[in-house]
Amino acid sequence: MSKSLILASASPRRTALLNQLGIAHTVRPVDIDESRQGEESPLTQVTRLASEKARAAFALLDDDEQTNHVVLASDTLIALDGESLGKPRDLADSRRMLQALSGRTHDVLTAISARDCNEEVTECIRTKVEFAPLTDEDIVRYWQTGEPSDKAGSYAIQGIGGQFVKAIEGSASAVVGLPLYETRLLLSRFGVQL
Ligand SMILES: Cc1cn([C@H]2C[C@H](O)[C@@H](COP(=O)(O)OP(=O)(O)OP(=O)(O)O)O2)c(=O)[nH]c1=O
């Protein structure tokens, strides 16, 4: 018997990407503390957060639901010089992030985590993104559009921020929040009807 899918995410991008795969699902976001723990690396952090989101959402299911559901969760962080960049708090934070990304190549890390009553599998997808040099005026005007505020690294490649991206190497869908290819493989392994 195939299992039903629960997406543990408040991100409209992740729902849209899952819809692109044509996979029926219900959405049940969870709210966890996403701050860095100690000196953990961006890879450790993003993998831990995806796993914690999946675990928290699964724990909210009753016994019956746990036997016939799979929970999928994801987390996206930018990695630059060993540091992780999440969502900006304000303009100053956005400026700090975009100045750091300006004229350089960074890694976008997206971890996906699937969990059912038998097991949890979590993996991380790394995509390289090369940014054009940005002026302070670019950064302030971009902030005023409202787009950066809920995006890791303070930009959206699929939106206005796409004009700052010179090149990308890896998974475009992973940068937006859910790697389509790897998610499909993972869910099929968990018995979700594709
Ligand atoms: C770099 C980049 C990030 N993003 C988004 C993807 C994620 O939604 C967001 C990073 O925040 P996340 O903490 O990964 O996710 P979220 O808080 O939006 O949703 P949830 O935890 O409930 O699943 O940044 C883009 O949409 N475009 C981009 O180019």
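# Reading a predicted model

Visitor: How should I read S154: is this residue buried or exposed?

Guide: Burial is read from a neighbour count, and 20 or more other C-beta atoms within 10 Å count as buried. S154 has 27 other C-beta atoms within 10 Å, so this residue is buried. Bear in mind throughout that this is a predicted model.

Visitor: Where is S154 placed, and what is its phi?

Guide: S154 is in the loop between α5 (136-144) and β7 (165-169). Its phi is positive, about 70°, although S154 is not a glycine.

Visitor: Which residue other than glycine in the loop between β3 and β4 has a positive phi?

Guide: D81 has a phi near 50°, and its place is in that loop between β3 and β4. The two strands form a hairpin with two residues between them. Unlike S154, which is buried, D81 has 8 other C-beta atoms within 10 Å and is therefore exposed. A positive phi also follows helix α1: the residue there is G22, with a value near 75°.

Visitor: Turn to the annotation. Which residue does "active site" cover?

Guide: An annotation comes from a record, and may be inferred rather than shown by experiment. Here the UniProt entry, which is unreviewed, assigns "active site" to D75. In the model, D75 is in strand β3, residues 69-80.

Visitor: Why does D75 count as buried?

Guide: D75 counts as buried because 28 C-beta neighbours lie inside 10 Å. Apart from neighbours within four places in sequence, its contacts are V46, L49, A50, K53 and A111.

Visitor: How many residues of β3 are buried?

Guide: Ten of its twelve residues are buried, so β3 is largely enclosed by the rest of the structure.

Visitor: Which strands does β3 pair with, and how do they run, parallel or antiparallel?

Guide: As a general idea, side chains in a regular strand alternate between the two faces of the sheet. As for the pairing here, β1 and β3 run parallel and are joined by four bridges, with L7 standing opposite L72. β3 and β5 (residues 105-115) run antiparallel, with nine bridges; L77 has L109 as its bridge partner there. β4 (residues 83-85) is also antiparallel to β3, through three bridges, and in this pair I78 stands opposite L85.

Visitor: What surrounds the ligand, and which residues come nearest?

Guide: A shell is read by listing the residues around the molecule, then asking which elements supply them. There are 23 residues around the ligand, and S9, A10, S11, I157 and G177 come nearest. Two or more residues each are given by α1 (12-20), β3 and α6 (172-176). β3 has the largest share, three residues.

Visitor: How many residues of that shell are nonpolar, polar and charged?

Guide: Nine are nonpolar, seven are polar and seven are charged.

Visitor: How do I read a helix such as α1, and which of its residues are buried?

Guide: An α-helix has 3.6 residues a turn, so residues three or four places apart point the same way. In α1, the buried residues are R14, L17 and L18. Viewed down the axis of α1, these buried residues fall within an arc of 100°, so they line one face of the helix. P12, N19 and Q20 are exposed on the other side.

Visitor: What covers the buried residues of α1?

Guide: The cover includes β1 (4-7), β2 (25-27), β3, α6 and α7 (180-189).

Visitor: How do I read a residue that counts as partly exposed, such as V121 or A172?

Guide: Such a residue has a neighbour count between the cut-offs for buried, 20 or more, and exposed, 12 or fewer. V121, in strand β6 (residues 120-131), counts as partly exposed because it has 14 C-beta neighbours inside 10 Å. A172, in helix α6, is classed as partly exposed because its count inside 10 Å is 15.

Visitor: What is V121 in contact with, and what separates V121 from R189?

Guide: Leaving aside neighbours within four places in sequence, V121 has contacts with A114 and L186. V121 and R189 are 68 residues apart along the chain, and their C-alpha atoms are separated by 9.9 Å. For A172 and G159, the separation is 13 residues in sequence and 13 Å in space, C-alpha to C-alpha.

Terms used. Residues are numbered from 1 along each chain as its sequence is written. This is a predicted model: local features need pLDDT of at least 70, side-chain atom pairs count only at pLDDT 80 or more; totals for chains, interfaces and linings use all residues. Two residues are in contact if their C-beta atoms, placed from the backbone, lie within 7 Å. A residue is near a molecule or strand if its C-beta atom, placed from the backbone, lies within 6 Å of it. Ala, Val, Leu, Ile, Met, Phe, Trp, Tyr, Cys and Pro count as nonpolar, Asp, Glu, Lys and Arg as charged, and the others, Gly among them, as polar. The arc is that of the directions from the helix axis to the C-beta atoms. Two strands pair if DSSP finds at least two bridges between them.
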